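Biologist: I would like a close look at a single part of this model. Please describe one strand, its pairing partners and the charged contacts around it.

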Amino acid sequence: MANEATLMWETEVPIPFTVADGTGIEKGTLLKLTDPMTAIAHSGDEDPICGIAAEEKIANDGRTKIGVYMGGIFKMTTSAAVTIGQSVAASATANKVKAADATCINSKVVGIALGASGGDAETILVKLMPGSANNNAYA
């Protein structure tokens, strides 16, 4: 998989979320929140994010739960320039983050940039904090 998030420091244990048995999800996938405590792979700009897949889920393996990180420090790939300390949101490209703008609030926020990037396809450290309020005041 391209652009998967890589766990650098675990600060919280993964939480079990429901997934469809027929769905395959790779470890490090940015996950979108759908129904209560249900996750699918992120697929769109500013999707509501629940966390990052802590393990691989193989399609049709009979499992309907997956461990999801809702906290931690991850190496993530950017889709555009990001400033250190700025909130980041899911971009339109799978598993990439972008700078959150003023309209990106609550569940659309992935976390806080602990590094800066100059543009697309660069990696930065992100403090995973899905659902946190947009705090662009740091930037």
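**Strand S9 and its surroundings**

Modeller: Three bridges join strand S8 (residues 87-90) to S9, and the two run antiparallel. Please note that this is a predicted model. Within the S8 and S9 pairing, Val 88 stands opposite Ala 99. The hairpin of S8 and S9 has five residues between the strands, and there Asn 95 takes a positive phi near 65°.

Strand S9 (residues 96-99) also pairs with strand S7 (residues 72-78), in this case in the parallel sense and over two bridges. Here Lys 96 of S9 is the bridge partner of Thr 77.

S9 also takes part in a charged contact. The side chain of Lys 98 meets that of Glu 46 in a salt bridge, with an N to O distance of 3.1 Å. This pair links distant parts of the chain, since Lys 98 lies in strand S9 and Glu 46 in the loop between strand S4 (39-41) and strand S5 (49-53), 52 residues apart. Lys 98 counts as buried because its relative accessibility is 15%, under the 20% limit. Glu 46 is likewise buried, with a relative accessible area of 11%.

The count of salt bridges comes to eight. Elsewhere, a network of salt bridges links Asp 21, Glu 55, Lys 57, Asp 61 and Arg 63. In it, Asp 61 forms a salt bridge with Lys 57, whose closest N and O atoms are 2.8 Å apart, and another with Arg 63, at 3.6 Å. Lys 57 is buried at 1% relative accessible area, whereas Asp 61 is partly exposed at 32% and Arg 63 is partly exposed at 30%.

Methods
Residues are numbered from 1 along each chain as its sequence is written. This is a predicted model: local features need pLDDT of at least 70, side-chain atom pairs count only at pLDDT 80 or more; totals for chains, interfaces and linings use all residues. Side-chain values use heavy atoms; hydrogens and water are left out. Two strands pair if DSSP finds at least two bridges between them. Helices (H or I, at least four residues) and strands (E, at least two) are DSSP runs, numbered from the N terminus. A salt bridge is a side-chain nitrogen of Lys or Arg within 4 Å of a carboxyl oxygen of Asp or Glu. Buried means under 20% relative accessible area, exposed over 50%, partly exposed in between (1.4 Å probe, protein chains only).
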